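Me: I should like to go through this model and ask, for each label applied to it, what justifies that label.

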Amino acid sequence: MIGLQVRKNQDNGFSVARLHYTADPDKATKEWFDRTRKGYSEAAWRKEYEIDFEVLSGTLVYPEYDPFIHLIPKDRINYNKLNTEGGRFRVLDHGQTNPTACLWVWVDREDNWIVYREYYVAGQTVPFHSKNIRLISGSESYNDNIADPSIFYKTQQDAEGNMFSIAKRYEEFGIPFSSGNNDFKSGSDVIRERLKISDTRINPFTGEKGAPGIYFVREECKWTDWEIRKWRYQEFTSLKVAIDKNPKESPVDKDNHIMDCLTYFANARKDNLEPDEAKMTFIQRDIHKQIHKKEEESKHLETLFDTE
């Protein structure tokens, strides 16, 4: 039968069936293939539809990233708008011997994400990082400071034997952080969608239709560019492992400190939006929230009058 393969696992004697989409006559057509294939990267398509367990092994986590599209020169940024419109965020991934990374992200009124600054320093202390991050930040204010959830665990001990967290230390030195969500799968899904070119999205710098939803300032994001270009999925140790085990979907846990920052931020944006709001632009969300606020005020007034 076309699209069906059966083999016997020599280790346990179980029969293993491999059912391909071409086993369904309705899907064994060029029309179905062309229609369904749209929107998938090569790696994602081969994993989901071609049953290729090795396809993610060693492949780039973000193949959608194109420096010619996603990197923008610093002189394109309108810093007056950055300081007065939309929202600004700082995101931290703390390292002890590994680099401590911090990203500054501006979300404009059309919900474009512009990563406009980075910090990347290894082998230093919380006081050192706090001082430099505050110095680089200047007089900017932020909607939120988001950090790796692990720094909120009480793993440090003072001279009196009291346990405290690294997050508490940052707070003592002037930067209070909220705990981020480090779920790679959900965060990377959001980032991949942001990196894709949307036919309906307007490029905030050129005004042209057909644009991604995330940008990086070239002169300020050199480490970001370096990490995202080289970050890959873990490789299988052998073909037999790839066939007999579930496919690995974890990225290499190395040189990914800024990538972790992006994950925390993507999850924070996703987690803080209502389902309907996720489909709205920044301006539409503001209007939606104002309408909701007025509705709540009206309900409160009605309750008062009914009581009287």
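Me: How many bridges join β4 to β5, and do the strands run parallel or antiparallel?

Reply: In this predicted model, seven bridges join β4 to β5, and the two strands run antiparallel. One point of contact is G87, which stands opposite V107 in β5. The two strands form a hairpin, with five residues between them.

Me: What makes β4 and β7 count as paired strands?

Reply: Pairing requires at least two bridges. Four bridges join β4 to strand β7 (residues 144-147), and these two run parallel. In β7, I146 is the bridge partner of V91.

Me: Why is strand β4 described as largely enclosed?

Reply: Seven of the seven residues of β4 (residues 87-93) are buried, so the strand is largely enclosed by the rest of the structure. Both faces are covered: one side carries G87, F89, V91 and D93, the other R88, R90 and L92, and all are buried.

Me: How do you know that D111 and R194 form a salt bridge?

Reply: The cut-off is a nitrogen-to-oxygen distance within 4 Å. The side chains of D111 and R194 meet at 2.7 Å, N to O, so the pair satisfies the definition. The two residues come from distant parts of the chain: D111 is in the loop between β5 (99-107) and β6 (113-122), whereas R194 is in helix α7 (residues 184-195), 83 residues apart. Both D111 and R194 are buried. Together with R269, they are linked in a network of salt bridges. The whole structure holds twelve salt bridges.

Me: Which salt bridges does D255 make?

Reply: D255 meets K230 at 2.8 Å, N to O. D255 lies in the loop between α9 (239-244) and α10 (257-271) and K230 in helix α8 (residues 222-230), so this pair ties together parts 25 residues apart in sequence. D255 also meets K254, at 3.2 Å, N to O.

Me: Why are D255, K230 and K254 given the labels buried, partly exposed and exposed, respectively?

Reply: Buried means under 20% relative accessible area and exposed means over 50%, with partly exposed in between. D255 has 17%, so it is buried. K230, at 36%, lies between the limits and therefore counts as partly exposed. K254, at 54%, is over the upper limit and so counts as exposed.

Me: Why is the pair of Y62 and W231 called tilted?

Reply: Ring planes under 30 degrees apart count as stacked, those over 60 as edge-to-face, and the rest as tilted. The planes of Y62 and W231 stand at 50°, with the ring centres 6.1 Å apart, so the pair is tilted. Y62 lies in the loop between α2 (42-48) and α3 (67-70) and W231 in the loop between α8 and α9, so the pair ties together parts 169 residues apart in sequence. Y62 is buried at 2% relative accessibility, and W231 is buried at 3%. Y62, F184, W231 and Y233 form one aromatic cluster.

Me: What makes the pair of F205 and Y215 edge-to-face?

Reply: The angle between the planes is 90°, with 5.1 Å from centre to centre; the angle is over 60 degrees, so the label applies. F205 is in the loop between β11 (198-202) and β12 (209-211), and Y215 is in strand β13 (residues 214-217), ten residues apart. Y215 counts as buried, at 1% relative accessibility.

Technical notes. Residues numbered from 1 in each chain as written. Predicted model: local features only at pLDDT ≥ 70, side-chain atom pairs only at ≥ 80, totals over all residues. Heavy atoms only, no water. Buried < 20%, exposed > 50% of the residue type's maximum accessible area, 1.4 Å probe, protein only. Phe/Tyr/Trp six-rings, centres within 6.5 Å; stacked < 30°, edge-to-face > 60°.
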